[in-house]
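Subject: Structure handover

Hello,

Here is the structure I promised to pass on. Please open it alongside this email.

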Amino acid sequence: MVSPMRVVLIEDHNLTRMGLQAALQEQDGIEVVGEAANATQGLKLLESLKPDVAIVDIGLPDMDGIDLTRKFKSSHTDTQEPETRVLILTMHDSEDAVLAAFAAGADSYCMKDIEIEQLVEALEVTQEGNAWIDPAIASIVLRQVKRESSSGMAANQDRTVKIDAVGPEYEQVIEAYPLTERELEVLELIVAGASNAAIAEKLYITVGTVKTHVRNILNKLCVDDRTQAAVHALRSGLIT
């Protein structure tokens, strides 16, 4: 029997925390093992309970969630214990907050108006060691990727850019199965949240052709769906 995902909630708003706990406890395969109303209590819970995923709010009263994440992650860089993943759940969608959260070591970032089904998906993706980025803030990360790409690209590099976030195994995939220029264009529009019909209109191609490009992108990136493809693109800098 598969063990349930063990989750800790760190959220200062009592009604929000209680609502999240109640909603998650109704989901199969998820167990809320602890909750805290501030960062100090939260850090103690993470150390003692060692959950699979911590849901952390940014606006905590004693230390914001970004500092909590940075402190927790930095204290475990040299340990061999299974790493607790951090999912930021907040109303903050400013560029500074989003980028600061990822710089601090957050694994995923969700807005509080997310549906419970999507939150469960985000938790599952995060537990597996992948990033889940809320579509509402994906464009912020994309802009940063583009800035880093532009500043780090040599004059003759016009296809792909690698940043520190890309792992060696994914790097091998990129090298073995490079995306075409058209596939990169489609991938960028996927990241922006465009539908197949919108992509077809934007690129002046048929919806059937778009579907073929999407299928090729998923196969080359070894992912199952458009969301995972967008996450890989954002985390790896696979956007020109």
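Below is what was found in it.

Overview

Please keep in mind that this is a predicted model. The secondary structure comes to eleven helices and five strands. The protein has 240 residues, and 44% of them are buried. Contacts often reach far along the chain. Among those between residues at least 6 apart in sequence, 63% join residues at least 24 apart.

Helix 1 against helix 5

Start with helix 1, residues 14–25, and helix 5, residues 116–127. Their axes come within 11 Å. They cross at roughly 75°, which means that helix 1 is roughly perpendicular to helix 5. Which residues meet there? Helix 1 brings L20, A23 and L24. Helix 5 brings I116, L119 and L123. By class, this contact has six nonpolar residues, with no polar and no charged ones.

Helix 4

Next, look at helix 4, residues 95–103. Its residues A97, V98, A101 and F102 are buried. Seen down the helix axis, the buried residues of helix 4 fall within an arc of 125°, so they line one face of the helix. An α-helix has 3.6 residues a turn, so residues three or four places apart point the same way. On the other side of helix 4, D96 and A103 are exposed. Just after this helix comes G105, with a positive phi of about 115°.

Salt bridges

Side chains of opposite charge can pair when their charged atoms come close. How many salt bridges are there? The count comes to ten. Several deserve a look.

K112 is a good place to begin. Its side chain meets that of E11 in a salt bridge, at 2.9 Å from N to O. This pair links distant parts of the chain, 101 residues apart. E11 sits in the loop between strand 1 (5–10) and helix 1. K112 sits in the loop between strand 5 (108–111) and helix 5.

K112 also forms a salt bridge with D57. Here the closest N and O atoms are 3.5 Å apart. Again the pair links distant parts of the chain, with the two positions 55 residues apart. D57 lies in the loop between strand 3 (53–56) and helix 3 (65–74).

Are these three residues buried or exposed? E11 has 4% relative accessibility, so it counts as buried. D57 is buried too, with a relative accessible area of 5%. K112 has a relative accessible area of 26%, so it is partly exposed.

Now turn to helix 8, residues 181–191. E185 forms a salt bridge with R182, and the closest N and O atoms are 2.8 Å apart. These two residues are three apart in helix 8, so about one helical turn separates them. E185 is partly exposed, at 37% relative accessibility. R182 also counts as partly exposed, at 31%.

There is a network as well. Salt bridges that share partners join K73, E83, R85 and D107.

Where to look

For a quick tour, take the crossing of helix 1 and helix 5. Then view the buried face of helix 4. Finish at K112, with its salt bridges to E11 and D57.

Best wishes

Key
Residues numbered from 1 in each chain as written. Predicted model: local features only at pLDDT ≥ 70, side-chain atom pairs only at ≥ 80, totals over all residues. Heavy atoms only, no water. Axes fitted to C-alpha atoms, helices over the stretch in contact; angles between N-to-C directions. Helix = DSSP H or I, 4+ residues; strand = E, 2+ residues; numbered from the N terminus. Parallel < 35°, antiparallel > 145°, perpendicular 65-115°, else oblique. Contact = heavy atoms within 4.5 Å. Nonpolar A, V, L, I, M, F, W, Y, C, P; charged D, E, K, R; others polar. Buried < 20%, exposed > 50% of the residue type's maximum accessible area, 1.4 Å probe, protein only. Arc of directions from axis to C-beta. Salt bridge = Lys/Arg side-chain N within 4 Å of Asp/Glu carboxyl O.
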